[in-house]
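Trainee: I am new to this structure. Please show it to me, and let me ask how each label is earned.

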Amino acid sequence: MNNSRESRQGFEEISEQINHIFTLSQLLERAREYKLPLCIAFVDYEKAFDSVEFNAILKALTEQGINTQYISLLKEANTGCTTDITLLETPLRIPIEKGVKQGDTISPKLFTACLEMVMNKINWRSGVNINGERLSHLRFADDIVLIAESTNQLQSMLQRLDKKSSQVGLKMNRCKTKYMRSDVLRKARITVTGEDIEEVEQYIYVGQEVNMRQDLNGELSRRIRAGWCAFNSIKDVLKRKTDKTTRKNIFNLAVLPAMLYGSETWALRKREEQRLLVAERAMERAMLGISLLDRIPNEIIRERSGVKDIVVESRHKMRWAGHTAGLTDNRWPAIIAEWYPREQKRPPSRPPRRWEDDIVKRFGRTWRRKARVREEWQTCCDRRSLNDS
């Protein structure tokens, strides 16, 4: 196992996005609880798919052991490409000499292979020490997070990444690249090629708002807005006098996932659960044509709508906990879920709410041992969900 192993993924199923969000949120949780020095940069490239050099992609594929016949086919398919623009009835043909084809299903994989080559050439030796290994960065396609223990270290990492990226045609977007730091670090100026990188309090990473305070209020507001957008897009169907089963199934499949994206990583308090529940109740009333002035009890509204309880659904992170506990290939979600900085003494004050607190409350501190027996854990989670509802 490499002592500087990174986490990387391409454009894959949504669970891989949650893997990255979970790893980052757990790192932020430990930094807040143990007052760790932590500095994180969120890197953005300018027109990444359009600017990457195709020769660099071919070189990356060769270095990564891809069959030469496939490489030859890809080279042929991307040679002599043009695009036509018609101005005042006069066609203008422009040759395409760099980048990957937009919309081509293989383009994300080609880009990821090139970025893999860039990262391997940097050979990171910095990052946060987690059980003897260095977590230096996370990668989901072109969403890159650099992780350091000081602003000086982060400055060096950004400069090295910018230098190596430019060699394959990738230019860092100085305006969209941001960084954040924990409170134990002093404010510092971070620059790339002479341009300042903005410090932010929160950032949207792979669809979820993250911050050093581990404050969920901003993310819950985003999720509620996303739920209303999903609801309004299908409200004509939901408000029709269709049968109850069809209506509730549409709501459960279209609206709840929008509101609960990333909920596997949340550590909800009662008041935060109440915010979600209030929003869902408002949607149920809109769906049924009921006003608050009608003073109909919530139980009756739920009986009429038949939709799932959003708070109960948010507690399905128990299944995600079973997923992390069952990982056997030394991936970061499994490692960081159990990690705490043994060399660092936790401050004596009451710790902030942790991700696993409600799991420990329900299943005890040996929950990981139970979760590794998948069938029993699934049955146990289902039983708990029924009891909660």
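Mentor: Start with pLDDT, the predictor's confidence in each residue, from 0 to 100. The average for this protein is 89, and 94% of the residues score at least 70. Over residues 8-13, though, the pLDDT is below 50. That stretch has 17 contacts in the model beyond near neighbours in sequence, a contact being heavy atoms within 4.5 Å.

Trainee: What ground rules apply?

Mentor: This is a predicted model, where local features need pLDDT of at least 70, side-chain atom pairs count only at pLDDT 80 or more, and totals for chains, interfaces and linings use all residues. Residues are numbered from 1 along each chain as its sequence is written, and side-chain values use heavy atoms, with hydrogens and water left out.

Trainee: Why is threonine 151 called buried?

Mentor: Buried means under 20% relative accessible area, exposed over 50%, and partly exposed in between (1.4 Å probe, protein chains only). Threonine 151 has 12% relative accessibility, so the residue counts as buried. Its contacts include Cys39, Arg186, Ala188 and Ile190, leaving aside neighbours within four places in sequence.

Trainee: Where does threonine 151 lie?

Mentor: In helix α6 (residues 151-166). Helices (H or I, at least four residues) and strands (E, at least two) are DSSP runs, numbered from the N terminus.

Trainee: What makes lysine 35 partly exposed?

Mentor: Its relative accessible area is 47%, so the label is partly exposed. Lysine 35 sits in the loop between α1 and β2 (39-43). Its phi is positive, about 55 degrees, although lysine 35 is not a glycine. Most residues other than glycine have a negative phi.

Trainee: Why is asparagine 330 called partly exposed?

Mentor: Asparagine 330 has a relative accessible area of 41%, so partly exposed fits. Its loop runs between α14 (317-326) and α15 (332-338). Here too phi is positive, near 55 degrees.

Trainee: What makes a set of residues a nonpolar core?

Mentor: The members are buried Ala, Val, Leu, Ile, Met, Phe, Trp, Tyr and Cys residues joined through side-chain atoms within 4.5 Å. The largest such core here has 46 residues, and Leu24, Tyr205 and Trp367 are among those with the most contacts inside it. Helix α1 (residues 14-34) gives the most to this core, eight residues. Apart from it lies another core, of 41 residues, including Cys39 and Phe54.

Trainee: What does leucine 24 touch?

Mentor: Ile40, Phe42, Leu138, Val145, Tyr205 and Val210, not counting residues up to four places away in sequence.

Trainee: How do you know that β13 and β14 pair?

Mentor: Two strands pair if DSSP finds at least two bridges between them. Strands β13 (residues 202-205) and β14 (residues 208-211) have four bridges, in the antiparallel sense. Tyrosine 205 stands opposite glutamine 208. Tyr203 and Tyr205 form the covered face of β13, whereas Gln202 and Ile204 form the uncovered one.

Trainee: How many disulfides does the structure hold?

Mentor: Zero. A disulfide is a pair of cysteine sulfur atoms within 2.5 Å.

Trainee: Why does cysteine 39 have no bond to cysteine 175?

Mentor: Cysteine 175 holds the closest cysteine sulfur, but it is 19 Å from the sulfur of cysteine 39, so it is too far for a bond. Cysteine 39 has a relative accessible area of 0%, so it is buried.

Trainee: What about cysteine 114 and cysteine 81?

Mentor: Cysteine 81 has the closest sulfur to that of cysteine 114, at 17 Å, so a bond is again ruled out as too far. At 1% relative accessibility, cysteine 114 counts as buried.
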